[in-house]
Amino acid sequence: MTFYVENETEAAFPFDTEELTARVAQTVLEEEGCPYEAQVEVLITDAEGIRLYNREYRKIDRETDVLSFPNIPFGIPADFGVAENHVSDCFEPDSGELLLGQIILCADRIYAQAESYGHSVKREFAFLVAHSMLHLCGYDHGTPKEADVMEKKQEEVLGKLGIFRG
C-alpha cells in the first residue's frame, strides 16, 4: 500500500501523520475486503485552502473538515471488482496498485473539532481519515440509513486501532 501525505500548512501534529494515515486506511481496506494493494493521496491544508478546493470541486464556497475524491466508480459500496472493468483508470500501470482516490484534510478544523468534541487531535485526524476512506470505498451518508452504516464502520475501525473518544 502506498500513501502520499503532503502537509502544505505550518501545522504540526503530535503524531506521525503518514503512519497514522496508513494504519487507519489499511484497517478500512481490510475491513472492506479490498483484494488489491492500494494507493491513496492525502493533502493536509488549512481553512482557506480547503475552502478553495471545496469551491472549485464542489461549488460550495465554505470550509469543511475533509474532502474525498473517489477514483473508483462504485455502484455498490466496497465492490472492488468494478475496478477490473476500468483497468486503465483504476490501476497504476507500474505498480499495479488500485488508485483509490484523494483525501484533503483541514488542519484547522482537525484541531478545532478535537477541542469542540473533547477528544484528542489524533482521534479527530484518524476519524476523518476513516470517514474519507469509506467514501473512497463507495460509501456515502446522504440518508439516515447510509449515515448509520458509515458511523458504525468508522467506530469499528477506530476501536480496532484502540483510538477512542476522550
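Start the tour at A78: select it and you are looking at a residue that counts as buried, at 16% relative accessibility. Keep in mind throughout that this is a predicted model. A78 sits in the loop between β3 and α3 (87-90). Check its backbone too: the phi of A78 is near 60°, a positive value in a residue other than glycine.

Next, jump to K59, in the loop between α2 and β3. Here again is a positive phi, about 60°, in a residue that is not a glycine. Buried or exposed: which is K59? With a relative accessibility of 68%, K59 counts as exposed, whereas A78, at 16%, counts as buried.

Now for the strands. Select residues 98-106, which make up strand β4. Of its 9 residues, 7 are buried, so β4 is largely enclosed by the rest of the structure. Which way does β2 run against it? Add residues 38-45, strand β2, and you will see that β2 and β4 pair in the parallel sense, over 8 bridges. To pin down the register, pick Q39, whose bridge partner in β4 is L99.

Then bring in residues 66-70, strand β3. This pairing with β4 is antiparallel and covers 5 bridges. Pick S68 and look across to β4, where I103 stands opposite.

Go back to β2 and colour it by accessibility. Strand β2 is mostly covered, with 7 of its 8 residues buried. Besides β4, β2 has another partner to show: select residues 2-7, strand β1, which pairs with β2 in the parallel sense over 6 bridges. Two places to zoom in are F3, which stands opposite V40 in β2, and E6, which stands opposite L43 in β2. Now trace the chain from β1 through helix α1 (residues 17-31) to β2. Which hand does this β-α-β crossover have? It is left-handed, so if you like, turn the view and follow the path yourself.

Time for the cysteines. How many disulfides does a search of the whole structure find? The count is 0. Select C34 to look at one cysteine that is in no disulfide: the nearest cysteine sulfur belongs to C137, 6.7 Å away. Now centre on C137 instead. The closest cysteine sulfur to its own is the one in C34, and at 6.7 Å that is too far for a bond, since a disulfide needs the two sulfur atoms within 2.5 Å. What about accessibility? C34 is buried, with a relative accessible area of 15%, and C137 is buried as well, at 0%.

On to the largest pocket, which has a volume of about 450 Å³. Its lining takes in 23 residues. Which of them lie nearest the pocket centre? Select T64, D65, V66, H131 and H141 and you have them. For a view by element, show α2 (47-58), β3, α4 (107-117) and α5 (121-136), the elements that give two or more residues to this lining. Helix α5 gives the most, with 6 residues. If you colour the lining of the largest pocket by residue class, you should get 6 nonpolar, 8 polar and 9 charged residues.

While α5 is on screen, make the last stop R123, which is found in that helix. Buried or exposed: which does R123 count as? At 1% relative accessibility, R123 counts as buried; the cut-off for buried is under 20%. Finally, draw a distance from the C-alpha atom of R123 to that of L158. The two residues are 35 apart along the chain, and their C-alpha atoms are separated by 8.2 Å.

Notes:
Residues numbered from 1 in each chain as written. Predicted model: local features only at pLDDT ≥ 70, side-chain atom pairs only at ≥ 80, totals over all residues. Heavy atoms only, no water. Buried < 20%, exposed > 50% of the residue type's maximum accessible area, 1.4 Å probe, protein only. Helix = DSSP H or I, 4+ residues; strand = E, 2+ residues; numbered from the N terminus. Pairing = 2+ DSSP bridges. 1 Å grid on protein atoms, 1.4 Å probe; cavity = no way out; pocket = protein on both sides within 12 Å on 5 of 7 lines; lining within 4 Å. Points joined across faces, edges and corners; volume = space filled by probe spheres on them. Nonpolar A, V, L, I, M, F, W, Y, C, P; charged D, E, K, R; others polar. Right-handed = clockwise from strand over helix to strand, strands pointing away.
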